[in-house]
2 protein chains.
Amino acid sequence: MNNLPATVQTFVLHFGEMGSRWGINRTVGQIYALLYLSDKPLNADELVETLRFSRSNVASGLKELVSMNLVMLKHMPADRKDYYHTHDDVWDIVRNLVEVRRRREVDPTLSMLEAVIAEQPHSEQEKQAQAKMNEMHGLIKMLTDWHSDMQKMETERLVNILKMGAKIYDLFQFRGKLKLKSQQMTEETS
Amino acid sequence: MNNLPATVQTFVLHFGEMGSRWGINRTVGQIYALLYLSDKPLNADELVETLRFSRSNVASGLKELVSMNLVMLKHMPADRKDYYHTHDDVWDIVRNLVEVRRRREVDPTLSMLEAVIAEQPHSEQEKQAQAKMNEMHGLIKMLTDWHSDMQKMETERLVNILKMGAKIYDLFQFRGKLKLKSQQMTEETS
DNA sequence: CTGGATTTTCAGTATATACTGAAAATCCAA
DNA sequence: TTGGATTTTCAGTATATACTGAAAATCCAG
């Protein structure tokens with residue numbers, strides 16, 4: 001760790017801390033950060049060397065990162081070691097991050113909500129609770145549908161949309177026309 | 001807990017589990033879930049009663065939720081107890097959620113990146129690491145700027161935009177014109 | 001096959017976090 | 001003020017999770 005440039009060290013430590021707020025632990029965060037900054041793939045021993053974790057800790061961290069598709073395995077010619085590297089494009093990284101978390105957290109929640117909403121209520125209280133669950137379901141569904149749409153888009157278009165932000169509406173003065181369109185869509189989806 | 005309708009119970013337990021993936025712990029998740037579903041504000045004792053946590057655990061959970069602005073305090077006439085309730089509108093909930101997490105996680109990361117990018121590199125390796133940090137910074141900045149824009153919007157417009165998704169572009173055929181606009185914006189912001 | 005290089009597994013231990021109960025502090029009606 | 005109702009604090013304990021080292025499994029060049 002001391003052998004690293006100061007800036008790199010700061011970055012790696014920061015991601016360690018941040019990781020812990022995300023169900024991803026310190027070790028995993030640091031490994032990822034280091035791989036992200038590295039210009040070449042690193043092997044487990046190099047990670048052990050620089051981060052000073054136990055070999056097995058690094059191994060399981062890498063395993064988790066690979067399972068999240070945040071880190072990929074690569075073999076180097078004339079070397080039996082496994083080398084690891086991240087996606088080069090930052091956009092691919094966020095796409096994956098969002099995708100993984102969606103699968104692990106959002107989708108199960110949606111199923112749970114659907115199951116629970118379908119249930120026959122046994123009391124007034126339950127009925128009104130179900131209404132709230134339904135409301136939440138609608139919102140999450142809307143967000144995930146939107147996300148699916150965005151996920152499909154190539155980076156350049158996505159960036160353009162994001163850059164425009166709220167101006168998307170202001171740019172065009174067809175407020176009424178837009179309203180109409182979006183209402184049609186509401187009817188389709190609900 | 002057993003006194004709760006089955007659907008409510010499922011929901012509460014699910015949010016307990018999910019909470020733990022979010023830096024929010026099981027207790028806090030369950031408290032929040034219960035308050036969300038309840039049609040009336042609840043006091044700490046009622047929460048202790050239904051969830052079977054210790055009084056102090058509930059207290060600190062509530063404190064955390066209040067600090068996250070996810071739960072609000074309310075007083076009932078002729079009752080000295082503190083009553084707690086969530087926002088009624090689900091959109092307010094997500095707005096707050098995103099806002100809080102942004103303040104706690106994203107903004108500090110941005111500052112860290114800015115500090116570290118500004119540093120004079122001491123090696124080729126460090127220089128190229130800084131380039132990657134810069135790339136990440138650009139992306140996060142873009143997303144947070146977009147978020148600021150969306151945050152300002154009233155719910156109805158936001159919903160319309162989300163509902164339209166990728167169709168925003170397809171609706172209008174002025175691809176060239178749009179491209180132009182967004183390039184101007186790039187120049188402004190970078 | 002064999003043996004060295006490498007990764008993976010796993011039981012045990014350490015560390016961090018959640019949770020508790022009891023005691024202290026606060027708050028307000030009388 | 002005082003005292004009961006209520007909330008908050010905090011030291012100690014339990015629980016969950018991270019981490020380790022050593023041993024087992026895998027892998028492949030010779």
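**Figure 1. Helix α6 of chain B in the predicted model.** The helix α6(B) has 29 residues, and at 1.5 Å a residue it should span 42 Å. Its end C-alpha atoms are 42 Å apart, so the length in the model agrees with the expected one. Within α6(B), the residues B:Ala129, B:Gln130, B:Met133 and B:Met136 are buried. What covers these buried residues includes elements of both chains: α1 (6–20), α2 and α5 (90–118) of chain A, together with α5 of chain B.

**Figure 2. The contact between chain A and chain B.** Chain B gives 55 residues to the contact, and chain A gives 56 residues. On the side of chain B that touches chain A, the elements with two or more residues are α1 (6–20), α2 (26–37), α5 (90–118), α6 (124–152), α7 (155–164), α8 (167–171) and α9 (175–189) of chain B. Which element gives the largest share of this side? The helix α6(B) does, with 17 residues. Sorted by class, the side of chain B that touches chain A has 28 nonpolar, 14 polar and 13 charged residues. Of the interface residues of chain B, 100% are also interface residues in chain A, so the copies meet through the same surface.

**Figure 3. The axis that relates the two copies.** A turn of 180 degrees, with a shift of 0.0 Å along the axis, lays chain B on chain A with an RMSD of 0.1 Å. The two copies are therefore related as by a two-fold rotation axis. Which C-alpha of chain B is nearest the axis? That of B:Trp22 is, at 2.9 Å from the axis.

**Figure 4. The surface near DNA strand D.** DNA strand D is surrounded by 19 residues, and the closest are A:Thr27, A:Ser54, A:Ser56, A:Asn57 and B:Ser56. At least two residues of this surface come from each of α2 (26–37) and α4 (55–67) of chain A and α3 (44–51) and α4 (55–67) of chain B. The largest share, four residues, is supplied by α4(B). By class, the surface near DNA strand D is made of three nonpolar, nine polar and seven charged residues.

**Figure 5. The surface near DNA strand C.** Around DNA strand C there are 19 residues, of which A:Ser56, B:Thr27, B:Ser54, B:Ser56 and B:Asn57 come nearest. Two or more residues each are given by α3 (44–51) and α4 of chain A and by α2 and α4 of chain B. Here the largest share, four residues, comes from α4(A). The surface near DNA strand C has three nonpolar, nine polar and seven charged residues.

**Figure 6. Chain A from end to end.** Chain A contains nine helices and three strands. Along the sequence they follow the pattern α-α-β-α-α-β-β-α-α-α-α-α. Of the 190 residues in chain A, 21% are buried. Among the contacts in chain A with a separation of 6 or more, 46% join residues 24 or more positions apart.

**Figure 7. Confidence along chain A.** The average pLDDT of chain A is 87, and 88% of the residues score at least 70. Over residues 172–176 of chain A the pLDDT is below 50, and this stretch has zero contacts in the model beyond near neighbours in sequence. Residues 185–190 of chain A also have a pLDDT below 50, with three contacts beyond near neighbours in sequence. Where pLDDT is low, the predicted coordinates should not be read in detail.

**Figure 8. Three loop residues, A:Arg52, B:Ala78 and B:Asp89.** In chain A, A:Arg52 lies in the loop between α3 and α4. Its phi is near 60 degrees, a positive value in a residue other than glycine. Is A:Arg52 buried or exposed? A:Arg52 counts as exposed because it has 11 C-beta neighbours inside 10 Å, and the cut-off for exposed is 12 or fewer.

In chain B, B:Ala78 sits in the loop between β2 (71–75) and β3. Although B:Ala78 is not a glycine, it has a positive phi of about 60 degrees. B:Ala78 is exposed, with 5 other C-beta atoms within 10 Å.

The third residue, B:Asp89, is in the loop between β3 (82–86) and α5 of chain B. B:Asp89 has 12 C-beta neighbours inside 10 Å and so counts as exposed. From B:Asp89 to B:Met150 is 61 residues in sequence and 17 Å in space, C-alpha to C-alpha.

Terms used
Residues numbered from 1 in each chain as written. Chains lettered and ligands numbered in written order. Predicted model: local features only at pLDDT ≥ 70, side-chain atom pairs only at ≥ 80, totals over all residues. Contact = placed C-beta atoms within 7 Å. Nonpolar A, V, L, I, M, F, W, Y, C, P; charged D, E, K, R; others polar. Buried ≥ 20, exposed ≤ 12 C-beta atoms within 10 Å, placed from the backbone. Least-squares fit on C-alpha atoms with pLDDT ≥ 70 in both. Near = placed C-beta within 6 Å. Expected span 1.5 Å × (residues − 1). pLDDT = per-residue confidence, 0-100.
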